[in-house]
Amino acid sequence: MSKMYKKLLLAPGPTPLPPEVKLAGAWDIEHHRNPASKKALKVCVENFQWLLGTKHDVHLLASSGSGAMETAFVNTISPGDKVIIVNAGNFGTRWLKIAKTYKANIVELKKTWDKVVTPEELKKALDENPDTKAVFCQLSETSSGACSNVKEFAEIVSKTNAIIVLDGVSGVGVVPLDMDDWKVDVVVGGSQKGLMLPPGLGFVAINDKAWKLVEACTTPRFYFNLIESKKHMDKGTMTPWTSAITIVNQANVAFEMMKEEGREEMWNRFKKLAAGLRQAVFALGLKLWHECPGDAVTAVAIPESLKDGVKIPAIMRDEFGVTVAGAQGDYKGKFIRIGTMGAMDFYDELCCIAALEKTLKKLGWDFEVGAGVAAFQKALMD
């Protein structure tokens, strides 16, 4: 007989959709050049400007976040240009792979996945490489849960001729970001994490300093071409290609929900959830994987003494209906990742902790049942 349970998605993307956003996905499809579609695209750009804290152009793409990363790179960096890659996780490595693909001159600031690159290390690299065109880094490193000191990174880069390009895929909508005030030049992201949307909508926000590199860039590009994109934005057709108009409609519904809550209130909600989750982890006798945990993803170290600990995500999903994620790459089996982003609330995280407790008990971990649940509730009440 099949198990009867409600399935909960607490992975670090994709994330669950609110009912209102699901319903918007059932609206009649409009042609992407119709007035209604062009208006929806324009409103979506304005909503992104509100969320990111920018007055600059936001280009919408029918792609994942990785497509937005590639777009930012191929429009600003010519072959042979020097770039600094901040690499302390799988998505720092993605910047590195893109840079190698397009034959950039790479300076890599590499750390193990439980560490972060410091502002001092970035400044040293820039001082030693004054011909750097761009610094590529993460707002939230999805693979490890870490958040770097992006605000200080951007302040350091702003005093040079280089630009800073920020992967905001798992951070935007979850952790604080004020693009213009922080002097961030480019922000890229995708729809399926903090924005409470299905996968398929990418975005690139870009300021005037970075646009000078776009105008000078010699890297060949066709689909991911921001100059073509800007031409269409300026004449009101908004995108050069067929738009992901259904997700755009859903995005505008999601943005209205975000605006009703407020940016700071939304960031504070995730901060509280993540803080409570960390207290639950400690109460279960476990440790965090990262020395600088962020509020979008919590990485929980799997003790070496825990037999079959690598099975934790599968057991939580298949036996208790709760989906979290394991570690990636060479770190597989070292930790699990629990998302606090998008349409997640107190009860989602509470159920996740209960499922984690059941899983740990099944695997023979020694702890007091209910300790994690109690610690989470106490943390949020405090």
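Q: In this predicted model, what makes the approach of the Asn207 side chain to the backbone nitrogen of Ala210 a polar contact?
A: The side chain of Asn207 reaches the backbone nitrogen of Ala210 at 3.0 Å. A polar contact requires a pair of N or O atoms within 3.5 Å, and the value of 3.0 Å therefore meets that cut-off.

Q: Why is Asn207 called buried?
A: The relative accessible area of Asn207 is 11%. Buried means under 20%, so Asn207 is classed as buried.

Q: Where is Asn207 placed?
A: Asn207 lies in the loop between strand S8 (202-206) and helix H8 (208-216).

Q: Which residues is Asn207 in contact with, leaving aside its neighbours within four places in sequence?
A: These residues are His56, Met179, Val184 and Asp185. Of this group, Met179 is 28 residues from Asn207 in sequence, and the two are 9.2 Å apart in space, C-alpha to C-alpha. Contact is judged by heavy atoms within 4.5 Å, so the C-alpha separation is not the distance that decides it.

Q: What makes Lys7 and Asp348 part of the lining of the largest pocket?
A: A lining residue has an atom within 4 Å of a pocket point, and the residues listed for the largest pocket include Lys7 and Asp348. Strand S1 (8-9) and helix H1 (19-24) are the elements that give two or more residues to this lining. The space in the largest pocket is about 220 Å³.

Q: How do the residues of the lining of the largest pocket divide into nonpolar, polar and charged?
A: Nine are nonpolar, none is polar and three are charged. Lys and Asp count as charged, so Lys7, Lys22 and Asp348 belong to the charged group.

Technical notes: Residues numbered from 1 in each chain as written. Predicted model: local features only at pLDDT ≥ 70, side-chain atom pairs only at ≥ 80, totals over all residues. Heavy atoms only, no water. 1 Å grid on protein atoms, 1.4 Å probe; cavity = no way out; pocket = protein on both sides within 12 Å on 5 of 7 lines; lining within 4 Å. Points joined across faces, edges and corners; volume = space filled by probe spheres on them. Helix = DSSP H or I, 4+ residues; strand = E, 2+ residues; numbered from the N terminus. Buried < 20%, exposed > 50% of the residue type's maximum accessible area, 1.4 Å probe, protein only. Polar contact = N/O pair within 3.5 Å; in protein donor to acceptor, adjacent residues only side chain to side chain.
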